[in-house]
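Work through the exercises below with the model open beside you. Try each task before you read its solution.

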Amino acid sequence: MSESIGLTAEEVLTTTRSVRKRLDLERPVARETITDCIEMALQAPTGSNAQGWSWMIVDDPAKKQVIADHYRDIYYPYREQKSKLSEGDAQSDRIADSADHLAEILQDVPALVIPLHAGRLEGADSFRQASAWGSILPAAWSFMMALRSKGMGSAWTTLHLPREKEVADLLGIDFDNWTQAGLFPVAYTVGTEFKLAKRQPTENLVHWNEW
Ligand SMILES: Cc1cc2nc3c(=O)[nH]c(=O)nc-3n(C[C@H](O)[C@H](O)[C@H](O)COP(=O)(O)O)c2cc1C
């Protein structure tokens with residue numbers, strides 16, 4: 001098992017951020033380190049313990065380039081639309097700037113990881129949707145926290161999904177039987193200090209016994 005950087009569980013839970021500008025593009029990531037993190041992620045729950053999941057890791061430069069091009073094709077129009085609606089506050093501007101950076105460098109990140117759920121969800125009711133997403137997204141978040149625990153980082157992304165079929169074809173994924181849940185760029189982080197994020201106050205979000 002690859003080295004941990006000695007964070008407490010609370011530190012991992014509260015400082016696993018979306019890392020974009022501080023992804024270290026020069027430092028190689030051993031394949032075993034990524035599979036160690038996936039092994040930790042596989043401790044996440046799945047409905048009926050079905051474990052209907054798979055993990056695609058892309059470290060081939062030509063394939064990363066194609067995926068990054070698909071990502072940018074979707075990202076730039078999306079960003080344009082968002083900036084028209086944006087409130088122009090400092091936090092939104094920072095996120096947009098950081099997201100721009102990720103879009104530019106996506107092909108240069110050492111590896112792109114795509115968690116997959118068995119089956120397709122088109123037309124599925126909320127029970128099937130919740131059961132399926134609930135059987136892959138906890139593991140995806142565990143994967144991000146496992147990376148953090150080892151001094152690496154990622155950003156949860158979904159913007160390649162409008163091109164899910166094209167990416168499936170590129171990677172030989174059976175599109176009719178596997179759903180891609182996101183795309184996680186993986187790299188060591190530049191420095192390992194990350195802060196608590198500003199969120200809405202808990203008391204505004206919690207309901208006891210009545211909405
Ligand atoms: C479902 C989901 C989809 C996301 N998609 C993208 C994406 O495509 N590209 C990106 O740069 N960030 C994406 N993000 C990251 C969010 O922008 C980020 O989580 C948010 O700004 C909060 O920042 P933090 O994760 O550092 O706390 C996504 C996050 C989630 C949960």
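**Exercise 1: A loop with unusual angles**

Asparagine 49 sits in the loop between α2 (31-41) and β2 (53-58); helices (H or I, at least four residues) and strands (E, at least two) are DSSP runs, numbered from the N terminus. This is a predicted model, in which local features need pLDDT of at least 70 and side-chain atom pairs count only at pLDDT 80 or more, while totals for chains, interfaces and linings use all residues. Residues are numbered from 1 along each chain as its sequence is written, and side-chain values use heavy atoms, with hydrogens and water left out.

Task: find the sign of phi for asparagine 49, then decide whether asparagine 49 is buried or exposed.

Solution.
- Step 1. Recall the usual case: most residues other than glycine have a negative phi.
- Step 2. Read the angle. Phi of asparagine 49 is near 55°, a positive value in a residue other than glycine.
- Step 3. Learn the scale. Buried means under 20% relative accessible area, exposed over 50%, and partly exposed in between (1.4 Å probe, protein chains only).
- Step 4. Apply it. Asparagine 49 has a relative accessible area of 53%, so it is exposed.
- Step 5. Move along the loop. Glutamine 51 also lies between α2 and β2. Its phi is positive too, about 50°, although it is not a glycine. At 41% relative accessibility, it counts as partly exposed.

**Exercise 2: A buried arginine**

Task: locate arginine 120 and list its polar contacts with glutamate 164 and tryptophan 178.

Solution.
- Step 1. Place it. Arginine 120 is in the loop between β3 (111-118) and α5 (126-133).
- Step 2. Check its cover. Its relative accessible area is 17%, so arginine 120 is buried.
- Step 3. Know the rule. A polar contact is a pair of N or O atoms within 3.5 Å; within protein, one must be able to donate a hydrogen and the other to accept it, and residues adjacent in sequence count only if both atoms are side-chain atoms.
- Step 4. Apply it. The side chains of arginine 120 and glutamate 164 make a polar contact of 2.9 Å. A polar side-chain atom of arginine 120 also lies 2.9 Å from the backbone oxygen of tryptophan 178.
- Step 5. Widen the view. Leaving out residues up to four places away in sequence, arginine 120 touches several residues, including Arg128, Phe175 and Asp176. Contact here means heavy atoms within 4.5 Å.

**Exercise 3: The ligand and its helix**

Task: which helix gives the largest share of the shell around the ligand, and which of its residues are buried?

Solution.
- Step 1. List the shell (a heavy atom within 4 Å of the ligand). Among its residues are Arg17, Tyr71, Trp156 and Leu159.
- Step 2. Find the helix. Helix α4 (residues 90-105) supplies 3 residues, the largest share.
- Step 3. Pick out its buried residues. They are Ser98, Ala99, Asp100, Leu102, Ala103 and Ile105.
- Step 4. See what covers them. The cover includes β1 (23-24), α3 (61-85) and β6 (184-189).
- Step 5. Look at oxygen atoms of the ligand. One is 2.8 Å from a side-chain N or O atom of arginine 20. A polar side-chain atom of arginine 199 lies 2.7 Å from a ligand oxygen. For threonine 158, a backbone N or O atom is 3.1 Å from a ligand oxygen.

Methods: A residue is near a molecule or strand if one of its heavy atoms lies within 4 Å of it.
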